Structures are given as C-alpha cells and as structure tokens.
Amino acid sequence: MEAFTTHTGRAAPLRRGNVDTDQIIPAHWLKKVTRDGFEDGLFEAWRKDPEFVLNRPERQGATVLVAGPDFGTGSSREHAVWALQNYGFKAVVSSRFADIFRGNSLKNGLLTVVLEQKTVDALWELTERDPEAEVTVDLVAREVRAEGITAAFELDENSRWRLLNGLDDISITLQNEADISAYETTRPSHKPRTQQV
Amino acid sequence: MGRTLAEKVWDDHVVRRAEGEPDLLYIDLHLLHEVTSPQAFDGLRKSGRRVRRLDLTIATEDHNTPTLDIDKPIADPVSRAQLETLRKNCAEFGVRLHPLGDVEQGVVHVVGPQLGLTQPGTTVVCGDSHTSTHGAFGALAFGIGTSQVEHVLATQTLPMARPKTMAITVDGELPEGVTAKDLILAIIAKIGTGGGQGYILEYRGSAIEKLSMEARMTICNMSIEAGARAGMIAPDETTFAYLKGRPHAPEGADWDAAVEYWKTLRTDDDAEFDAEIRIGAAELAPFVTWGTNPGQGAPLSSCVPDPASYEDASERLAAEKALEYMGLEAGQPLRSVKVDTVFVGSCTNGRIEDLRAAAAIMKDRKVADGVRMLIVPGSARVGLQAVSEGLDVVFKEAGAEWRHAGCSMCLGMNPDQLAPGERSASTSNRNFEGRQGKGGRTHLVSPQVAAATAVLGHLAAPADLSDAPTPAAV
Ligand code: SF4
C-alpha cells in the first residue's frame, strides 16, 4: 500500500448523505476478478445523469471527495473502496462514515477524514464557487486546509502510523521477515512440498 | 499441564509471539482455487511482491468447472473468466495448477489429501471455509478471506489469535447403516450452527478411532457448519496407512522421522479442553436435515418438527421460516418427503468410499421415475478409480448421470443447479436457501441415504428397500 502523508488536489463536492455501498459500486460488479477496473462502476446509476457532479468537465481529475454524512453504509464489500481508488480519489471527507467502510478504506490506503458538518459545508461552498480551489489533506499535521479553511481531524495512532508508512498487514508482517526466515530453517525435511523450486 | 492436539500443532508453528499481538503462524500448505484468489494475486502484482513459497502452494479449479463436455469452451463467460484468471496468475507467478481436464483436478479439499500433501501436524489454509476437512489428518486447517490469501502468498504466515479448544468425544459403536455423515449432522443438531464458534473442535473417542480417513474427512469438513473454523482428529495407524505411498508422502528416513513426530500428536491425558461434549454412538441413526441450516436435522425415522415445540423464540421463528421455504408440514414423516434430484458428491461425500457406498445400493436397482441422480466424483482421480472399479457402469445402469469432477451442485456456480421449487437429497454440506439453485430445497444426507432415496423417490435409508441387502459397511 502507498504511504499517505499529505495530499493536495481539487475536490468533488457530493451533496448527498447516506451514500451506501450499493450506490458506490452495484452488486453486479462483484463478479470481477481484479481490484482494478471498478472506476466505471463507481456511482454507476448516478453517472448516467450528465449533470452528476463527477460528469461535469470542471471536476475531471478531482482527487478529494467531499460527501454528506454516513458515507459507505451497507454491505462490507471492499470493492467500494477499490472503485473510489480506481477512479482516482485519494481521500474522502465526510462528517460520518460507516464503520466497515472506514476499516476497509484505511486497510487499502484511502484516507477517510471525519470533519464537522459545518466544515464540510464550507468545503462544499468553496469548491462549488471555485472548482479550481485546492484542498490539502495533511495526515502529518492531521489537518485539512483550503482557502479560508483550516480544520483538524482525528485518526487513531495505529491507523495513522500504518498510513504514514504505507504499511498494510503484509508490510507489517514482513518487518519480521528475519523471524520467518529463521523459522524456515527449523522446518523438518519430511514436511510436504508441492513442487521443486 | 499437558497440551491438546490443537495446542501442540499451534505451538509448533509460532514464528513470533509478542505481548498484545496475535501470534504469527507459519503455514505449511496453501491451497488455491479460482473464486477467492484473483484479487489476492492482483494485490501481489500491485505491490511488486512474489509468492514466498511456491513449494508450499498449489491450485486447482473446482467451483466453476462444468461436469459435462469438459473439453468444450465453458459457456458462462463469468465462470470462464475466473478460470482463465487463475491460469494466468498461476503461470505468471509459478504456482502449480491442476486445471480442468488434468488428472489431479478436483475439489480442492479432495485433491490435497489424495496427493498426500495434507499431513499430520501441518498448518493448511485455503480461501474456502471447508478447509476444515484437512483436520482429519491431525492438521490445523482453516478457511481464510481474500486479503489473508494475499498475506499467505506474500509471507507464508498469518497473524492469528489462538482459538479455544472443544473436545467432542464419541464413544461406542455406530450401529449398522449409520455413517460419519449421520454422526456429524447429529452433532451439529445437538450443539447448533453456532456451537463451535471460537473453538477448534477435536473429535475423539472409540467411535472416531474406528473411522476410515474418508469418514473422518466427512466429519471434519462440516466443523464449519457448527461454527468452528477448524476440526481435528489425532493421527493414528489409519492415518499413516492412508498416507503411505501417496505422491507427496515422505519416503525412507523422512517417513520414519515423520511417523515418529506424528505419533506425538495426541492430546495429553492431563490436558484440559475449554469445553467438552460427549455423544454415545450407539444411539445414532440415519439423519437428514429438514430445514435451511445444517443444524435443522432429525433422525430419518422421525417427523418434521412442529415449530411451536421450540422454547426459544428465535429458533421457533427460524423453524417456521424454514418449513415455509422447504414446503413441509409440521408432523409430516420425513420418509414421506419426495425428491426430484439426488446429488452424490462434494468435499463432504465425494470420495471413493462414498461412491462405493452409493454404488453398492444402486447395483441392480433403478433410480425412481421422475428422479434425476447426479454422481459427481470429488476429483478426476476419484472418478478414474471409480471407473476402474466399474462403479460408473453400476450408476449408469441404474439410470443415474455419471459426471466429471468438481463442486457442481454443492453450490451451483456451474450449470448443475436445482430449478425453483425443486427438492434434492444431497450429500453436500449446506442446505441454505438457494444454495443449490434459486428456490431449490436441499435435504442433507449420507451417500447411503442418497442412494436409497434415489431408488424409492422419497427420503429413505437402505434398510427401507424391500429387497434390502446388507447396506455397505462404512
Ligand atoms: S464442494 Fe461445495 S463445500 Fe466443498 S469446496 Fe466445493 S463448493 Fe465448497
């Protein structure tokens, strides 16, 4: 997983609350065999509307999604996170996230930032008035900054440490690679092998 | 204090133990199939990682594979894509794969043991809940999710918190015609589908010791249906005899060293389990499910239970809903339930001994009018063995359909499915709503009950056949 320290980019204001995972990525996309290629499934139903925020020319290349409360409710599908990442989002801002979605997002390196609704409102107003406005999500300083806005956010220390260092569970385990190698030297020769390598 | 079998195997695999962290466990054998591996390989690719131990990893195709016309392209594009992805991933990363058409192809939990890869005292994982099957050899074996599949591919380890242990002691002699399947269905009915949650089950006692390896696998397979992630049986002479001479069994001095180690894999007399259950084998009888979870079962000789008889409100509601879905009446004798389909196969009961047991009953008999019977060997190898013994001819002469190996109607990811409202007697492990096809109704049974049911057209035991021979002893 890529490390997340600080990110600056244009935002897409999504003025909707209770965006559930079925809306983020509909069920029929789950038959796919990769973690890639979910970008076209992201908000599939809404994308049919040319006026939907992601379809607006001025939002192309946006990397920060600013959404209404209770983002990511519904099923546990990790595909919802993959779809947002495949589309190009690095961070999602909301006043409240569904637990499972938040856990999945942090596991995959998508930063989910909880801000008070009044700050979310301010970000909506700013980025709607000025589509070119940039938003900085700074995990080192635990701060979101934009023109006229500076807002601190919380994130538990363990998750922050893992994100700052780009550590997924595998990376954390591999920090103990020496232990694994040492263990391997003790395995008896009668243990089965599937092939000679 | 002594240790249990599970604790011994666990302790032997701890790579790292630290305060406040789960143990890091070494994995001896990682089995892969097409459904739960694609995103894991993709994760490796994205992070530029390789498979750490190709020599401890093996893949086969089972869930999506058709059981007819296996030499033709697979019709369903989604199934085809999943299989093609597995082939591509295995080629790219160097994983040994047994694809459709290969002699070692088959349900992943049949393939591991038959190759001799599943051995006592090993840790075995697979992105599949029925990995518990391998515990029959005294292995610690459990199912994992896709992100854990990736973790094992990359590190050959898993961080795990140690589960508690539960002894299920079965003493005495199983009556004639009562099989391992009846026993495990009775155990699940007794402890419930959540009864094993948080535990590694150890099946022990004189009745278990008398069972063949195939029968032990049937029991361990369904541990997950009792909510346990793993089930184990201590290895003994039966285990060693099964393994001896298999392609991946140790040889020469390695064999001797292995057996010496394997013999230490018994729960110590002074070890303590966190929970204990006792069952008398002599009281058991052929068992079938009437509901929509594997815990909703009863002796074949009894009647569909009355939901009102349940004291627990949620159980009562579950029973009501199950009867409605299953189209059954409270009080109806289970023997009166007519079926359309009989399925013999799956990682629960798709091994050679299961096919022999069913064939012994089908010999010189016919599948009842209006019933279709599917015989799906658990692996291509099992299929070949059956053919060499002439079992396929017995089945075909009886009017049953002899198919190629795979998961097939166990979950209907391939074309083998029940139509809405159709009812099956199935030797598989899950009777969930729609498991064998949308709207399909499943009764879980042993291979012997499946065969007798196919002949009579309603749920039945071999003893019900008017010209009943002695049922095949298992
Ligand atoms: S046979 Fe059934 S239970 Fe076994 S692995 Fe296949 S689908 Fe799963």
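Buried means under 20% relative accessible area, exposed means over 50%, and partly exposed lies in between, with a 1.4 Å probe and protein chains only. All views show a predicted model, in which local features need pLDDT of at least 70, side-chain atom pairs count only at pLDDT 80 or more, and totals for chains, interfaces and linings use all residues. Residues are numbered from 1 along each chain as its sequence is written, chains are lettered from A and ligands numbered from 1 in the order in which they are written, and side-chain values use heavy atoms, with hydrogens and water left out.

**View 1. B:Q156, a buried loop residue with positive phi.** B:Q156 has a relative accessible area of 0%, so it counts as buried. It sits in the loop between helix 5 and strand 8 of chain B. Helices (H or I, at least four residues) and strands (E, at least two) are DSSP runs, numbered from the N terminus. Phi of B:Q156 is near 60 degrees, and the residue is not glycine. Most residues other than glycine have a negative phi.

**View 2. B:D364, an exposed loop residue with positive phi.** Here too phi is near 60 degrees in a residue other than glycine. B:D364 belongs to the loop between helix 13 (352-362) and strand 16 of chain B. Its relative accessibility is 73%, so B:D364 counts as exposed.

**View 3. B:E329 in its loop.** The loop runs between helix 11 (313-326) and strand 15 (341-344) of chain B. B:E329 is exposed, at 57% relative accessibility. From B:E329 to B:A313 is 16 residues in sequence and 19 Å in space, C-alpha to C-alpha.

**View 4. The largest pocket.** Its space comes to about 1,200 Å³. On a 1 Å grid over the protein atoms alone, a pocket is an open set of points with protein on both sides within 12 Å along at least five of seven lines; a cavity is a set of points where a 1.4 Å probe fits but cannot get out; lining residues have an atom within 4 Å of a point. Grid points are joined across faces, edges and corners, and a volume is the space filled by probe spheres set on the points. The pocket lining has 39 residues, with A:M1, A:K107, A:N108, A:D168 and A:D169 nearest the centre. Both chains contribute elements that each give at least two lining residues, including strand 1 (6-14) and helix 7 (169-174) of chain A, and helix 2 (38-46) and helix 5 (146-155) of chain B. By class, the lining has 11 nonpolar, 15 polar and 13 charged residues. Ala, Val, Leu, Ile, Met, Phe, Trp, Tyr, Cys and Pro count as nonpolar; Asp, Glu, Lys and Arg count as charged; the others, Gly among them, count as polar.

**View 5. The second largest cavity.** The structure holds two cavities of 30 Å³ or more. The second largest has a volume of about 40 Å³. Its lining consists of B:L31, B:L32, B:I58, B:A59, B:T60, B:V108, B:V111 and B:G112. Strand 3 (29-32), strand 4 (57-60) and helix 4 (108-114) of chain B each supply at least two of these residues. Six are nonpolar, two are polar and none is charged.

**View 6. The ligand shell in chain B.** The shell includes B:H63, B:H109, B:D128, B:H130, B:C347, B:C407, B:C410 and B:R435. A residue is near a molecule or strand if one of its heavy atoms lies within 4 Å of it. Five shell residues are nonpolar, five polar and two charged. Domain 1 (5-275) and domain 2 (287-464) of chain B both give residues to the shell, so the ligand lies between them. Domain bounds come from an automatic or database domain assignment.

**View 7. A parallel open sheet in chain B.** Five strands stand in the order 17-16-15-18-19. Strand 17 (401-402) and strand 19 (441-444) of chain B are at the edges with a single partner strand each, so one side of each has no neighbour in the sheet. Two strands pair if DSSP finds at least two bridges between them. Strand 16 (residues 372-375) and strand 17 of chain B pair in the parallel sense over two bridges. B:L374 faces B:E401 of strand 17 of chain B.

**View 8. Strand 1 of chain A and its partners.** Seven of the nine residues of strand 1 are buried, so this strand is largely enclosed by the rest of the structure. Five bridges join strand 1 to strand 5 (residues 134-138) of chain A, antiparallel. A:H7 has A:V137 as its bridge partner in strand 5 of chain A. Four bridges join strand 1 to strand 2 (residues 64-67) of chain A, parallel. A:A11 stands opposite A:V64 in strand 2 of chain A.
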